[in-house]
Protein chains: 2
Amino acid sequence: MPNTKIRGVLSPVLTPFNADYSISKPRFLKHCRSLIDQDVGLAVFGTNSEANSLSTGEKRQLLDLLADEGLPAGKMMPGTGCCAISDSIELTRHAVELGCGGVLMLPPFYYKGVGDEGLYRNYATIIDAIGDARLKIYLYHIPQVSQVGIGLALIERLLKDYPGTIAGIKDSSGDWNNTLAMLQQFQPAGFDVFAGSEAFLLQTLRHGGAGCITATGNVNAAAIARLHATWREDGADAQQADLNTVRGVFQKLPLISAMKSAIASQAGDPAWSVVRPPLVELTGEQSRQLDAELSGIGFQINNPQALAHADA
Amino acid sequence: MPNTKIRGVLSPVLTPFNADYSISKPRFLKHCRSLIDQDVGLAVFGTNSEANSLSTGEKRQLLDLLADEGLPAGKMMPGTGCCAISDSIELTRHAVELGCGGVLMLPPFYYKGVGDEGLYRNYATIIDAIGDARLKIYLYHIPQVSQVGIGLALIERLLKDYPGTIAGIKDSSGDWNNTLAMLQQFQPAGFDVFAGSEAFLLQTLRHGGAGCITATGNVNAAAIARLHATWREDGADAQQADLNTVRGVFQKLPLISAMKSAIASQAGDPAWSVVRPPLVELTGEQSRQLDAELSGIGFQINNPQALAHADA
């Protein structure tokens with residue numbers, strides 16, 4: 001992993017599927033290229049990537065694909081935190097070997113009510129097993145989905161024992177007070193705090209944070225990256241308000257299915273709407289409503305044609 | 001899979017680890033043999049097996065080990081429900097090819113608030129992908145852990161579309177009214193309802209159910225199997241009360257760690273106490289307290305020496 005740490009805007013890259021639920025590698029590659037072209041890093045295998053609907057083998061193959069096709073590993077932060085520590089070690093090791101800029105690591109999320117000691121051991125065991133100074137772990141706090149959270153005391157203990165390796169966090173709690181506490185307590189020591197959505201991007205940057213890792217980066221990449229690039233300039237608040245308007249439309253619906261529907265519609269590539277079970281795609285009525293609302297606010301995905309697969 | 005369906009008592013087999021968290025295959029094999037000898041079936045890879053702390057590859061290896069060593073596949077009901085449908089298909093297919101009596105299938109449990117349509121598609125896609133009449137799926141309802149439950153309407157739809165393949169359920173909700181509703185609505189059609197613990201074994205049998213799949217089968221196998229074998233005889237209620245007393249002692253503590261601690265202590269094999277993160281083993285004080293309480297009720301694991309590993 002490179003010495004310069006990832007900052008700015010990353011997106012949990014949507015994973016496109018074919019109608020039979022197999023992964024559409026051509027669409028995935030095109031989408032990743034489009035994000036990189038818009039200066040958005042690749043947090044592949046996040047929640048909004050349907051990462052937990054992919055096997056470890058499938059994730060390895062996708063990482064290999066990106067590496068083979070020459071996408072910049074330094075701008076990749078794959079999700080490698082699985083329920084099974086053996087899976088987390090395998091995926092994380094692979095990401096380090098490929099030179100990824102970092103990994104985004106969920107806590108193991110099947111067993112509920114586990115304590116900090118068990119979560120500490122999970123991360124410590126992974127770090128020790130990999131034993132590579134290039135490893136940079138970004139903790140992933142999304143308690144409303146994982147039901148297993150990462151609190152301040154655990155971060156403090158991990159940072160003390162693994163400085164440099166424990167590189168930062170994505171705070172997807174949606175609780176600004178929690179993000180603020182991390183910004184105040186840990187960011188000064190170089191622990192990079194990423195907001196979990198662009199809704200908190202400007203606030204996070206103004207408090208010294210590193211950027212955001214946001215689902216809607218999949219559809220609104222350029223505008224979110226622009227706020228990160230120009231946040232000290234006049235008009236930043238207006239930019240933030242515009243971002244919030246777009247996000248607000250998508251957020252009314254199940255987010256993953258809504259983003260895939262919008263891409264399918266604007267790219268003219270219906271296969272883009274496929275999600276793996278247990279998720280379901282939007283209904284036709286929901287899709288039409290979404291298209292109408294996006295049109296109503298004048299929103300267009302950047303260069304959607306670039307996302308359509310040749311076979312579409 | 002055989003034509004005769006599994007009934008009676010099964011146990012989610014504890015997975016023994018070495019100090020470095022690798023799987024102790026010799027201990028696993030001995031424990032499985034001991035359970036079979038006590039007429040308890042092998043629901044390997046259940047919640048209490050720390051199944052979700054094992055990779056798909058590790059689970060395949062353990063299944064292969066049991067098959068290679070000649071344990072009866074017809075008495076195996078491995079847990080094969082994973083977050084990723086690709087993992088569920090791979091593991092389930094492997095279980096069918098080995099001739100397992102059935103598979104116990106969690107719903108995908110990362111995404112929360114998913115609807116019945118997505119859960120239906122998950123099971124239907126797996127069944128269609130495997131396309132083998134030998135497949136027998138037992139649904140696994142444990143909402144307090146998975147946070148994704150399996151309701152009556154979903155069962156009804158699956159049973160209608162996949163009769164014979166949807167073979168039954170383990171109800172670990174702890175809600176007798178839910179178990180009773182399943183017994184009344186679906187058991188008469190041959191959908192086998194297993195109680196999620198021996199605490200409901202007698203009630204379940206008296207209402208026509210198939211048996212129980214219970215964690216404490218790992219430590220109290222013979223007594224639980226005896227109640228199943230003799231439940232129509234006098235003294236069944238007293239047997240049930242005795243089972244509840246033993247379970248009550250274990251249940252005061254984190255159950256997996258407590259059962260492993262008791263085996264470690266009674267077998268004289270400390271390695272048995274190891275659990276994978278995010279779980280943690282009992283403290284020394286908790287272990288001593290457990291030993292004292294078990295001693296106080298005169299409880300002894302059957303033939304604990306058979307569980308100790310030669311290297312211990």
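1. Start with the aromatic rings: a search of the whole structure turns up 13 aromatic pairs over all chains. Keep in mind as you look around that this is a predicted model.

2. One pair to pull up is Phe109(A) with Phe109(B), which is tilted, at 5.9 Å centre to centre and 55 degrees between the planes. Phe109(A) lies in the loop between strand S3 (103-105) and helix H4 (116-130) of chain A, and Phe109(B) in the loop between strand S3 (103-105) and helix H4 (116-130) of chain B, so this pair joins two chains. Phe109(A) counts as buried because its relative accessibility is 1%, and Phe109(B) is buried too, at 1%.

3. Next, have a look at Tyr138(A) and Phe194(A), an edge-to-face pair with 5.9 Å centre to centre and 75 degrees between the planes. Tyr138(A) is in strand S4 (residues 137-141) of chain A and Phe194(A) in strand S6 (residues 192-195) of chain A; at 56 residues apart, they link distant parts of the chain. Tyr138(A) is buried, with 0% relative accessibility, and Phe194(A) is buried as well, with a relative accessible area of 0%.

4. Back to the Phe109 rings: they belong to a cluster. Ring pairs link Phe109(A), Tyr110(A) and Tyr111(A) with Phe109(B), Tyr110(B) and Tyr111(B).

5. Finally, some charges over rings. In chain A, the charged end of Arg157(A) sits over the ring of Tyr120(A), 3.5 Å from its centre. Over in chain B, you'll find the charged end of Arg157(B) above the ring of Tyr120(B), 3.6 Å from its centre.

Technical notes
Residues are numbered from 1 along each chain as its sequence is written. Chains are lettered from A and ligands numbered from 1 in the order in which they are written. This is a predicted model: local features need pLDDT of at least 70, side-chain atom pairs count only at pLDDT 80 or more; totals for chains, interfaces and linings use all residues. Side-chain values use heavy atoms; hydrogens and water are left out. Rings of Phe, Tyr and Trp (its six-membered ring) pair if their centres lie within 6.5 Å; planes under 30 degrees apart count as stacked, over 60 as edge-to-face and the rest as tilted. Helices (H or I, at least four residues) and strands (E, at least two) are DSSP runs, numbered from the N terminus. Buried means under 20% relative accessible area, exposed over 50%, partly exposed in between (1.4 Å probe, protein chains only). A charge sits over a ring if NZ of Lys or CZ of Arg is within 6 Å of the ring centre and within 35 degrees of the ring normal.
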